[in-house]
Amino acid sequence: MSAIRSADVTVIGGGLAGLPAALEAAQHGATRVLLIDKSPRVGGNSAKATSGINGANTRAQAGQHLADSPSLFANDTLRSGQGRSDPALVDVLANESASAVAFVEHEAKVALDVVVQAGGHSAARTHREAPRSDGKPAPVGWDIVQGLAKRVAEVEAVEVVTGATVTALERDDDGGFHVRMDVKPKADGQQAEVQEIKTRTVVLATGGFSANAALLAKYAPHLPAQLPTTNGDWAQGEGLVLAQSLGATLIDLDQVQLHPTAFVDPADPNARTKFLAPEALRGHGSILLQHGRRFTNELGTRAQIVAAMAGQPALLVANDAVVAKFDPAVIRFYGKRGLMRTGIVGVDALADLMRNGLGPCVVPDVTVAGLTAELGAYTAAAKGEKPDVLGKTVFPAEFRATDTFAVACVTPAVHYTMGGVRIDKDARVVRNGGVVPGLYAAGEVSGGVHGANRLAGNSLLECVVFGRRAGKNAALFRGVEESKHVAARWSKL
Ligand SMILES: Cc1cc2nc3c(=O)[nH]c(=O)nc-3n(C[C@H](O)[C@H](O)[C@H](O)COP(=O)(O)OP(=O)(O)OC[C@H]3O[C@@H](n4cnc5c(N)ncnc54)[C@H](O)[C@@H]3O)c2cc1C
C-alpha cells in the first residue's frame, strides 16, 4: 500500500544538519516542510556530541575577552585539512560561525557560555554549556538537539515523521522529486508501509557512514577491517547512495577519522557501537598500556596513537589526580555503566585486574615489579629526572605504585567520515559540470569542509551553517532556470 504526500521541501535526516534546515525552510516561505528520520526520534550522532561547537567572534568570546577572528579560524581549518578542504566552504564556515552559534543559542534556548581551546585550534572557540547545578557536565549535543526539536514542533509548516527510512530518490517529470520511504508499522505484526512524497526540493542530512562496514571496506580499504565505531548504527551512508542515484559527485570518501579510545564494555566486548572515552581523559594525564607497558605518547595526535595501537586494545589507566582534574562525577558514571573499573588500590590490585582481564585487555604474565618499574620510569620523566622514552614532554599527572587507579579497556574506533556528497557554498549538490537542481546537502553526508582531518567542534558547526543555507535555498529555489545559471558558472571554473 502506498500513500502519497506532497511537500515544498523534504529534509531527510533529523540531526543537527536537518533540524536547522527545516526551520530555515519554513522561515523563508516554505509552507509544507517534511522532516523525515528513520530512527524512533530525531538527533542522530549530533545528540552524542560532548565537546561543543566552534565559533569565532561570538558573544561568549567577547564576554571573556578571548581574541579570535574568522580568518584565524579558517586558517586553522585549512591547515588541518592538509590541502584537501574547499577554501570556499571553509570561508563560509568561519564567517558564519558566530551567527550559527547565536542561532543555536536562540532557537534551542541553550547558553553556550563555556569556551575552550581544543586541539588544532589557535584560539579558544569551542563552545559548550556550563555544568548543571549539581556539577554534572551538560550533554551539549543532546541539549541542542532537544531544544531545536522543541522549536521545530512549534512551527506549523514543519511536519516531523520518525521511524521512516527513505529508500529512493527520483526525478519527477515536472522538475521536482519523488521520495520513497518505508514507514515502520505502529504495532507488532503489521507490515511496513511504503509512502511516496512528491516534493519540489530535497535536503540530504543523513549523516556519515562510520557504522557501515561494507562502505568503509569499499571506500577506505586502508583501514583495519571490522573496526568498531563511536557512531550510532544509523550512520549507514544512505544519503551517499541516494545522491549518487541522481549523478552527484562524491569526494574524499577515503578520508576517515579514527578515534584511539572508545570504551570496550567487558559485558559486551564485541558491540559494534562503542561509547567514546574522551580526549580529556588523556589530556588530564591517563596513561595507556599494552602488555603492561606504555607504548605511545598519550598526548600525541589521534592518528599517531591509533598507529601505535596497531589495531589492538589498550588499558587506559587514571589515578586519583587524573580523576580529580577530569571529573569525578563522570568517572563514577563510567563506573556505573561498567565501562571503567574504579577504586583499585595499589599496583598489586592493578596487576591482579590485568591478569584476570578487563574484556580483551588481558595480560596473563604481568608482574607487580614490572608495573612498578613502568610507573616509576614515567614519574621520573614527569619530574624531569630523565627524558621520556616515548617523547612525552607534558605530564599532567605523576603515578605511584600506591595510587588508587581507575582503568578501562579502550580500542581504536571509526569516529567520523570527512568525505561525502560534494556541495557548493550554497549547499547545492554538485555533479559534473553543474548542480543537481533542487537537491541540497549538509552535515556529515557532505564532503569538502574538513579535507583530510576534522577539527574538534567543526562538525556541529558545519551542520548548522550549511543546514541553514540548505533549508533557506531549498525554500527559495526558483526551478531549473536557477540551475542553468549555476551550471553556466560551474562550466567556467
Ligand atoms: C560520540 C561522538 C561525539 C562527537 N562530538 C562532537 C563534538 O563535540 N563536536 C562536533 O563538532 N562534532 C562531534 N561529533 C561529530 C558530530 O556529532 C557529527 O558529525 C554530526 O552531529 C553529524 O550531524 P548530521 O546532522 O550530519 O548527522 P546525524 O546527527 O547523525 O543525523 C543524521 C540523521 O539521519 C537519519 N537518517 C540516516 N539515513 C536515513 C534515511 N535513509 N532515511 C531517514 N533518515 C535517515 C539518522 O537516523 C539520523 O538521525 C561527535 C560524534 C560522535 C559519534
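**Entry 1: domains**

Domain bounds, as I use them here, come from an automatic or database domain assignment. I am working with a predicted model, and for its protein chain that assignment gives domain 1 (2–254 + 418–491) and domain 2 (258–414). I looked up how far apart the two lie, and found 35 Å between the C-alpha centres of domain 1 and domain 2. Their contact takes 18 residues from domain 1 and 14 residues from domain 2.

**Entry 2: the nonpolar cores**

I then turned to the largest nonpolar core, which has 95 residues, and noted that V11, V104, L169, L204, V421, L439 and F466 are the ones with the most contacts inside it. Helix α15 (residues 458–476) supplies the largest share of this core, namely 9 residues. Where does this core lie with respect to domain 1 and domain 2? Residues of both domain 1 (2–254 + 418–491) and domain 2 (258–414) belong to this core, so it lies between them. A second core, of 46 residues, lies apart from that one, and A277, L339, I344 and F395 are among its members. As background I wrote down that nonpolar side chains tend to be buried together in soluble globular proteins.

For F466 I listed the partners, leaving out residues up to four places away in sequence: they are L89, V92, L93, I423, K425, A427, A442 and V449.

**Entry 3: two residues with positive phi**

Most residues other than glycine have a negative phi, and I therefore looked for exceptions to that general rule. A427, which I had already met as a contact of F466, has a positive phi of about 70° although it is not a glycine. A427 sits in the loop between β17 (420–422) and β18 (428–431). Is A427 buried or exposed? Its relative accessible area is 0%, so A427 is buried.

N57 is a further case, with a phi near 70°, again a positive value in a residue other than glycine. The loop that holds N57 runs between β3 (53–54) and α2 (59–63). With a relative accessible area of 47%, N57 is partly exposed, because the class of partly exposed covers what falls between under 20% for buried and over 50% for exposed.

**Entry 4: two helix pairs**

I next checked how helix α3 (residues 70–81) packs against helix α4 (residues 87–95), and found an angle of about 135° with the axes 9 Å apart. That angle makes α3 oblique to α4, and their crossing is right-handed. On the α3 side the contact is made by P70, F73, A74, T77 and L78, and on the α4 side by P87, V90, L93, A94 and N95.

The other pair I looked up is helix α1 (residues 18–27) with α15, whose axes come within 7 Å and cross at roughly 35°. This crossing of α1 and α15 is right-handed too. Here P20, A21, E24 and A25 in α1 meet V464, G467, R468, G471, K472 and A475 in α15.

**Entry 5: three buried residues and their surroundings**

H121 is in the loop between β4 (114–116) and β5 (126–128), and at 6% relative accessibility it counts as buried. Setting aside neighbours within four places in sequence, I find H121 in contact with N54, F73, D76, T126, L455 and A456.

V179 belongs to strand β8 (residues 177–183) and counts as buried at 1% relative accessibility. Beyond residues up to four places away in sequence, V179 touches T10, V166, A168, L169, Q195, E196, I197, T199 and V202.

T411 lies in strand β16 (residues 404–417), and its 9% relative accessibility counts as buried. What does T411 touch, not counting residues up to four places away in sequence? I noted P228, H259, P260, T261, A262, V264, K274, M309 and P313.

**Entry 6: helix α13**

Last, I asked which residues of helix α13 (residues 346–356) are buried. They are G346, V347, L350, A351, L353 and M354. The elements that cover these buried residues include β12 (287–290), β14 (314–319), β15 (341–345), α14 (368–382) and β16, the last being the strand in which I had found T411. Just after α13, G357 takes a positive phi of about 95°.

Technical notes:
Residues are numbered from 1 along each chain as its sequence is written. This is a predicted model: local features need pLDDT of at least 70, side-chain atom pairs count only at pLDDT 80 or more; totals for chains, interfaces and linings use all residues. Side-chain values use heavy atoms; hydrogens and water are left out. A nonpolar core is a set of buried Ala, Val, Leu, Ile, Met, Phe, Trp, Tyr and Cys residues joined through side-chain atoms within 4.5 Å. Buried means under 20% relative accessible area, exposed over 50%, partly exposed in between (1.4 Å probe, protein chains only). Helices (H or I, at least four residues) and strands (E, at least two) are DSSP runs, numbered from the N terminus. Contact means heavy atoms within 4.5 Å. Axes are lines fitted to C-alpha atoms, for helices over the stretch in contact, and angles run from 0 to 180 degrees between N-to-C directions. Angles under 35 degrees count as roughly parallel, over 145 as roughly antiparallel, 65 to 115 as roughly perpendicular and the rest as oblique. A crossing is left-handed if the near helix is turned anticlockwise from the far one by less than a right angle, and right-handed if clockwise.
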